[in-house]
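The following exercises concern a single protein chain. Each task is followed by a solution that proceeds step by step.

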Amino acid sequence: MRVGLVDDHDIVALGVAAAVAPIEGLEFVGSAGTVPELLAQHPTLDIAILDLRLADGSSPVMNVERLTEAGARTLVFTSGESPFLIRSVAKSPIYGLVRKSAPGPALTEALRKVASGEVEVSAEWAAAMDSDPELDAAGLSAQEKRVLGLIASGV
């Protein structure tokens, strides 16, 4: 499976390439500072790793939609400084969310899950959903809210 990165910091690509390297069946094909650039260079990606805050000011939700339309599974890789941005993409068809401050194996494990078609549910993702002011409109049962809260607290 072909893996690409959308991040406007070149140094991040080195870390991502190192995280992808030990995973059998995955190949890191490159990175770009924007989604259009990455798709122009690598139109047949299987997995796209996406930073939420890019220098081009693009919408993270639109970036996820564009990558999904191109056939890529999107894994968000973010510093997480904006709960608003995390909440906005948490409602999008992403396959997971990993903080850049997480230990290296967290990205590798998330990539393994995404490659096998699984969704990587993290405490950060659950916390963003749990703190969403529109959560009540989702119609979750009391048990579903309880589980979401437990995941968000890292249990």
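**Exercise 1. The order of elements**

What pattern does the chain follow when read along the sequence?

*Solution.* The model under study is predicted. Step 1: the chain has seven helices and five strands. Step 2: read along the sequence, these elements give the pattern β-α-β-α-β-α-β-α-β-α-α-α. Step 3: for the chain as a whole, buried residues make up 42% of its 155 residues. Among contacts with a separation of 6 or more, 66% come from residues 24 or more positions apart.

**Exercise 2. The sheet**

State the order of the strands in the sheet, and identify the edge strands.

*Solution.* Step 1: the five strands form an open sheet, with the order β2-β1-β3-β4-β5 and parallel pairing. Step 2: β2 and β5 each pair on one side only, and they are the edge strands. Step 3: from one strand to the next, the twist averages 20 degrees.

Step 4 considers the pairs at the two edges. β1 and β2 run parallel and are joined by five bridges; Leu-5 has Ser-31 as its bridge partner in β2. Five bridges also join β4 to β5, and the partner of Thr-74 in β5 is Ile-94.

Step 5 adds two helices. Helix α5 (residues 104-115) packs on the sheet and touches β3, β4 and β5. The direction of α5 makes about 165 degrees with that of β4. Helix α1 (residues 10-20) lies across β1, β2, β3 and β4, and runs at about 165 degrees to β2.

**Exercise 3. Buried or partly exposed?**

Classify Thr-74, Ala-32 and Arg-66 as buried or partly exposed, and list the contacts of each beyond four places in sequence.

*Solution.* Step 1: a residue is buried when its relative accessible area is under 20%, exposed when over 50%, and partly exposed in between.

Step 2: Thr-74 lies in strand β4 (residues 73-78). Its relative accessibility is 0%, so Thr-74 counts as buried. Leaving aside neighbours within four places in sequence, Thr-74 is in contact with Ala-48, Leu-50, Val-64, Leu-67, Thr-68, Ile-94, Tyr-95 and Gly-96.

Step 3: Ala-32 belongs to strand β2. Because its relative accessible area is 5%, Ala-32 is buried. Apart from neighbours within four places in sequence, Ala-32 is in contact with Leu-5, Val-6, Asp-7, Glu-37, Leu-38 and Gln-41. The C-alpha atoms of Ala-32 and Ala-13 are 9.0 Å apart, with the two positions 19 residues apart in sequence numbering.

Step 4: Arg-66 is found in helix α3. With a relative accessible area of 42%, Arg-66 is partly exposed. Not counting residues up to four places away in sequence, Arg-66 touches Val-35, Pro-36 and Leu-39. Arg-66 and Val-35 are 31 residues apart along the chain, and their C-alpha atoms are separated by 7.7 Å.

**Exercise 4. The nonpolar cores**

Which residues have the most contacts inside the largest nonpolar core, and which elements each supply at least two of its residues?

*Solution.* Step 1: the largest nonpolar core has 20 residues, and Leu-50 and Leu-67 have the most contacts inside it. Step 2: at least two residues of this core are supplied by each of β2 (27-32), α2 (35-41), β3 (47-50), α3 (60-69), α4 and β5 (94-99). Step 3: a second, separate core has 18 residues, including Ala-19, Val-20, Ile-49 and Phe-77.

Step 4 examines Leu-67. Leaving aside neighbours within four places in sequence, Leu-67 is in contact with Val-35, Leu-39, Ala-48, Leu-50, Ala-72 and Thr-74. In soluble globular proteins, nonpolar side chains tend to be buried together.

**Exercise 5. A pair of helices**

Why is helix α4 described as largely enclosed, and how does it pack with α3?

*Solution.* Step 1: α4 (residues 83-90) is largely enclosed by the rest of the structure because six of its eight residues are buried. The buried residues are Leu-85, Ile-86, Arg-87, Ser-88, Val-89 and Ala-90.

Step 2: two packed helices are described by the angle between their axes and the distance between the axes. For α3 and α4, the angle is about 30 degrees and the axes are 9 Å apart. The crossing is right-handed.

Step 3: Pro-60, Val-61 and Val-64 of α3 make the contact with Leu-85, Ser-88 and Val-89 of α4. By class, this contact has five nonpolar, one polar and no charged residues.

Methods. Residues are numbered from 1 along each chain as its sequence is written. This is a predicted model: local features need pLDDT of at least 70, side-chain atom pairs count only at pLDDT 80 or more; totals for chains, interfaces and linings use all residues. Side-chain values use heavy atoms; hydrogens and water are left out. Buried means under 20% relative accessible area, exposed over 50%, partly exposed in between (1.4 Å probe, protein chains only). Helices (H or I, at least four residues) and strands (E, at least two) are DSSP runs, numbered from the N terminus. A nonpolar core is a set of buried Ala, Val, Leu, Ile, Met, Phe, Trp, Tyr and Cys residues joined through side-chain atoms within 4.5 Å. Contact means heavy atoms within 4.5 Å. Axes are lines fitted to C-alpha atoms, for helices over the stretch in contact, and angles run from 0 to 180 degrees between N-to-C directions. A crossing is left-handed if the near helix is turned anticlockwise from the far one by less than a right angle, and right-handed if clockwise. Ala, Val, Leu, Ile, Met, Phe, Trp, Tyr, Cys and Pro count as nonpolar, Asp, Glu, Lys and Arg as charged, and the others, Gly among them, as polar. Two strands pair if DSSP finds at least two bridges between them.
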